[in-house]
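Here is the note I promised on this chain, set out as numbered points. Please read it with the sequence and the structure side by side.

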Amino acid sequence: MRPSPRLAVVGIPGNRRVTLFQDAARAGGLSDVRAVPWIDVLRGRARFRPGEWVRLESPGEDPLVDRELRGMDDAARVEGTARWYERFVRAARTVAQLATGAGATLLDDPDELAVLFDKRRCHGVLRDAGVPVPDSPTSGEAAPRVRGWDDVRALQQDTGLRRMFVKLAHGSSASGVLAVETAGGGRVQATTSVERDDQGRLFNSLRVRRYSSEREVAELVDALAPDGLHIERWVPKASQCGRSADLRVVVVAGRATHAVVRTSRSPMTNLHLGGARGDLAAAHAATEAAGGSWTGMLELCERAAACFPGSLRVGVDVLPATGWRRFAVGEVNAFGDLLPGLTGLPGSGAEGQDAYAAQIAAVRRAADPGRDRNVHRATA
């Protein structure tokens with residue numbers, strides 16, 4: 001048996017994502033995980049060691065790193081995501097070059113990260129793999145680019161979309177997302193957490209608001225468009241206790257290991273926008289009662305994750321259709337595993353483990369060629 005793998009995580013030292021991973025490694029009997037600050041990567045100071053297994057973590061929640069990536073002094077500002085994307089992908093590829101050159105093993109493929117952080121490309125990859133996704137006129141690299149509200153209106157008329165999400169191509173945490181509804185007589189309204197100040201600057205707010213005139217919506221879309229936009233059909237979702245519901249499913253090393261239901265009174269289920277955790281057992285029961293397949297939903301998530309085989313873990317956003325019988329994949333998130341205190345699904349092999357402990361176990365299996373690496377779903 002080989003010695004235990006030595007781990008390094010590129011992230012924000014002291015951030016909860018890094019500390020939770022470090023805690024899981026210690027609990028799993030591994031030596032301390034070495035934290036490599038993103039700021040060191042961005043400023044050319046990062047180094048890796050032979051034999052290390054290198055994990056990339058989110059560069060978020062650090063004002064200095066955010067300023068380096070987006071060029072903005074205010075973390076609440078919406079603008080700058082195209083610049084963030086370009087610099088982040090470049091930094092991830094730098095990590096890959098340094099790690100490979102040092103004889104380390106990378107747990108996150110930078111080319112896959114480049115796809116995961118571009119909603120247009122990610123949607124196209126999923127669609128082409130036969131994964132059910134919402135209809136989109138901006139899916140894939142060959143799709144038309146959206147330069148402003150006039151383009152949104154033209155694409156809407158071409159495709160018949162009356163209700164749609166307009167998203168920043170490189171956004172996260174619902175930043176820059178507008179849930180747009182149109183009706184006869186030119187009526188337009190949008191639900192969003194974006195607000196605009198008297199200088200025209202865009203900010204993320206913790207309060208979801210509604211803009212009820214086409215002029216207001218057009219101004220927002222025109223301001224967001226320079227960073228790149230993605231449009232997709234607004235799929236009516238299932239409900240739980242009178243609230244709109246979706247799921248986040250974490251897939252680790254090819255297996256769906258953790259899941260949480262998210263509910264909200266608004267179209268966005270993010271917890272910082274008033275979303276709340278729902279009842280997973282109730283969602284399971286509702287699916288089976290409707291003639292759907294809960295196991296099939298988990299396998300759908302694994303199919304989506306299989307599009308990114310070089311990524312140790314991803315978080316899959318699942319959209320249950322009204323009635324809980326059918327499911328589609330909304331997004332796949334590179335860093336979608338922050339679910340503190342949540343233990344693994346029955347039959348997943350991660351029972352009793354949080355998402356970080358499941359990743360530590362997966363690394364240990366991969367580092368020991370004597371262990372079975374094949375992924376099989378346990379049957380109920």
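**Notes on a predicted model**

1. Apart from residues up to four places away in sequence, Gly186 touches Arg153 and Glu214. The glycine sits in the loop between strand 6 (178-183) and strand 7 (187-196), and with a relative accessibility of 38% Gly186 counts as partly exposed. For a sense of scale, the C-alpha atom of Gly186 is separated by 56 Å from that of Ala25, a residue 161 places away along the chain. Please bear in mind here and below that this is a predicted model.

2. The aromatic side chains come next. When the whole structure is searched, eight aromatic pairs are found. One of them joins Trp38 and Phe88, whose rings are 5.6 Å apart centre to centre with 55° between the planes, a tilted arrangement. Because Trp38 belongs to helix 2 (residues 38-42) and Phe88 to helix 4 (residues 81-102), this pair ties together parts of the chain that are 50 residues apart in sequence. As for solvent, Trp38 has a relative accessibility of 2% and counts as buried, and Phe88, at 0%, counts as buried too.

3. A further pair involves Trp84 and Phe117, and how should its geometry be classed, given centres 5.3 Å apart and planes at 50°? The pair of Trp84 and Phe117 is tilted, because an angle counts as stacked under 30 degrees and as edge-to-face over 60, with the rest counted as tilted. Trp84 lies in helix 4, whereas Phe117 lies in the loop between helix 5 (110-116) and helix 6 (119-128), so the contact between these rings ties together parts 33 residues apart in sequence. Both Trp84 and Phe117 are buried. The four rings discussed so far belong to one aromatic cluster, made up of Trp38, Trp84, Phe88, Phe117 and Phe335.

4. Two charged side chains placed over aromatic rings also deserve a look. Arg77 lies over the face of Phe203, at 5.7 Å from the ring centre, and Lys167 lies over the face of Phe165, where the distance to the ring centre is 5.8 Å.

5. Strand 11 (residues 243-252) is worth following through its partners. How many of its 10 residues are buried? Nine of them are, so that strand 11 can be described as mostly covered. On one side of it in sequence comes strand 10 (residues 239-240), which pairs with strand 11 in the antiparallel sense over two bridges, and Ser239 stands opposite Ser244 of strand 11. These two strands form a hairpin with two residues between them, and Cys241 in the turn has a positive phi of about 55°.

6. Strand 11 is also joined to strand 12 (residues 255-264), the two running antiparallel with nine bridges between them. Within this pairing, Arg248 stands opposite Val260 of strand 12. Here again there is a hairpin with two residues between the strands, and the residue in the turn with a positive phi, of about 50°, is Ala253.

7. Which strand, besides those already named, pairs with strand 11 over six bridges? The partner is strand 14 (residues 313-320), and the pairing is antiparallel. In strand 14, Val318 is the bridge partner of Leu247. When checking the side chains here, keep in mind that in a regular strand they alternate between the two faces of the sheet.

Key:
Residues numbered from 1 in each chain as written. Predicted model: local features only at pLDDT ≥ 70, side-chain atom pairs only at ≥ 80, totals over all residues. Heavy atoms only, no water. Phe/Tyr/Trp six-rings, centres within 6.5 Å; stacked < 30°, edge-to-face > 60°. Helix = DSSP H or I, 4+ residues; strand = E, 2+ residues; numbered from the N terminus. Buried < 20%, exposed > 50% of the residue type's maximum accessible area, 1.4 Å probe, protein only. Lys NZ or Arg CZ within 6 Å of the ring centre and 35° of its normal. Pairing = 2+ DSSP bridges. Contact = heavy atoms within 4.5 Å.
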